Amino acid sequence: MAFLTWLEATSFGDWARSSLLGYPLLIGAHAIGMSIMVGLALALDMRVLGLFKDIPYTALNRFLGIAWAGFAINFLSGTGLFAMQATTYITDGTFLLKMALVFAGVITAGLLQSAANRSSASWSSSAAPGAIRVVAVVSVVCWVGATVTGRLIAYL
Amino acid sequence: MSTLYDWMTSTWINGLVLDYRWTWPALETLHFLGLCLLIGAVLIMDLRLIGFQRVIPMSAVHGLMPVAIIGFAINLITGVGFLFGDPHLYVINYAFWLKMVLVLLAGLNFLVFLFKVEPSLATLGPGEATPMSAKAVGAASLVFWFGVLTFGRLLPYLGPGGG
């Protein structure tokens, strides 16, 4: 808690709260990063589950590099948003649920990436094997869940 | 202008959006999910047009089109909900009009792609570089859609009553 109080009191936290630009800048970047990370993750999940099978999965997998760039934008902008009200967020159930979903989503993306690197030659033009499809379904649930809970933090 | 406001606020859409506490947050959440579907599909299609991952056949990329269209449809419907729910918030805000112009430009750019550029790509061999027209349409699409997203998200902080 002392750390969170310190985080809020840093000159960055202070700037983000009081400047006219701070919050819009962070929230704008957070929306852009989300669209890249969640949008690409969902498109890849759909492919794993058997949609647009004409696209070779090995090629689509390369877009994950761009997805991680989106994630980096959101890790940074999200840290900034958190610093604005760290002591409030840390007790907010919706925020904590979102963090858990993002964490699980990142794990599914990592799992899919390594599975694709190992074996996608065999399912390059079809749906993926059962176990990998399960990971894709979990991934959809995590990223949709993270987007929903993230948006609703402002209301719950 | 006030007759337009009056008409919008007298419709059943206005009632649906304002009479229930959860309609607005639910519409916002759906608007976010729609934008993720749209941007995800658009990113892959446009980057392929620009020249990224040429091993993907151009015809296969077309398979992502329904995802983009579904995402756009979700956002058109939820967007109409916001506008009819609280027209005063939007009609006087330059960021809203800028966003609408960008949506229009993205739509026109899409038509150029569909009717002018895509037919010319049919003869493109696997791994072959895309023509300049395809790169231009792809780059313009990315600029327009990320502009739409940015001005949409920043709408509450721009224009009169913003902040």
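In the predicted model, A:Asn74 is located in helix α5 of chain A, which covers residues 64-84. The residue counts as buried, because 23 C-beta neighbours lie inside 10 Å, where 20 or more are required for that class. When neighbours within four places in sequence are left aside, the contacts of A:Asn74 are with A:His30, A:Gly33, A:Met34 and A:Met37. A further relation to a remote part of the chain is given by A:Leu26, which is 48 residues away along the chain from A:Asn74, the C-alpha atoms of the two being separated by 9.0 Å.

Chain A as a whole contains 8 helices and 0 strands, so that its elements, taken from the N terminus on, follow the order α-α-α-α-α-α-α-α. Its C-alpha atoms fill a box of roughly 55 × 25 × 25 Å along the principal axes, and of its 156 residues 38% are buried. Of the contacts in chain A between residues at least 6 apart in sequence, 86% join residues that are at least 24 apart.

Chain B likewise has 8 helices and 0 strands, and its pattern along the sequence reads α-α-α-α-α-α-α-α. The C-alpha trace of chain B spans about 55 × 25 × 25 Å along its principal axes; buried residues account for 34% of the 163 residues in this chain. Among contacts in chain B with a separation of 6 or more, 82% are between residues 24 or more positions apart.

Between the two chains, 29 residues of chain A are in contact with 30 residues of chain B. On the side of chain A that touches chain B, the elements giving two or more residues are α3 and α8 (130-152) of chain A, and of these α3(A) gives the most, with 14 residues. By class, the residues on this side of chain A divide into 22 nonpolar, 4 polar and 3 charged.

One helix pair across the two chains is formed by helix α3 of chain A (residues 22-48) and helix α8 of chain B (residues 132-154), which pack at an angle of about 140 degrees with their axes 9 Å apart. The helices α3(A) and α8(B) are therefore oblique to each other, since an angle has to be over 145 degrees to count as roughly antiparallel, and their crossing is right-handed. The contact involves A:Pro24, A:Ile27, A:Gly28, A:Ala31, A:Ile32 and A:Ser35 from α3(A), together with B:Phe146, B:Leu149, B:Thr150, B:Arg153 and B:Leu154 from α8(B). In terms of residue class, this contact of α3(A) with α8(B) comprises 7 nonpolar, 3 polar and 1 charged residues.

The largest nonpolar core has 65 residues, and those with the most contacts inside it come from chain A, namely A:Leu40, A:Ala41 and A:Ala43, and from chain B, namely B:Cys36, B:Ile39, B:Ala41 and B:Leu64. Helix α3 of chain B (residues 23-50) gives the most to this core, with 13 residues. For B:Leu64, neighbours within four places in sequence again being left aside, the contacts are with A:Ala43 and A:Phe52 in chain A and with B:Ala41, B:Ile44 and B:Met45 in chain B. Apart from the largest core lies another one, of 6 residues, which includes A:Ala16, A:Leu81, A:Phe82 and A:Ala83.

Key:
Residues are numbered from 1 along each chain as its sequence is written. Chains are lettered from A and ligands numbered from 1 in the order in which they are written. This is a predicted model: local features need pLDDT of at least 70, side-chain atom pairs count only at pLDDT 80 or more; totals for chains, interfaces and linings use all residues. Axes are lines fitted to C-alpha atoms, for helices over the stretch in contact, and angles run from 0 to 180 degrees between N-to-C directions. Helices (H or I, at least four residues) and strands (E, at least two) are DSSP runs, numbered from the N terminus. Angles under 35 degrees count as roughly parallel, over 145 as roughly antiparallel, 65 to 115 as roughly perpendicular and the rest as oblique. A crossing is left-handed if the near helix is turned anticlockwise from the far one by less than a right angle, and right-handed if clockwise. Two residues are in contact if their C-beta atoms, placed from the backbone, lie within 7 Å. Ala, Val, Leu, Ile, Met, Phe, Trp, Tyr, Cys and Pro count as nonpolar, Asp, Glu, Lys and Arg as charged, and the others, Gly among them, as polar. A residue is buried if 20 or more other C-beta atoms lie within 10 Å of its own, exposed if 12 or fewer, and partly exposed in between; C-beta atoms are placed from the backbone. A nonpolar core is a set of buried Ala, Val, Leu, Ile, Met, Phe, Trp, Tyr and Cys residues joined through C-beta atoms within 7 Å.
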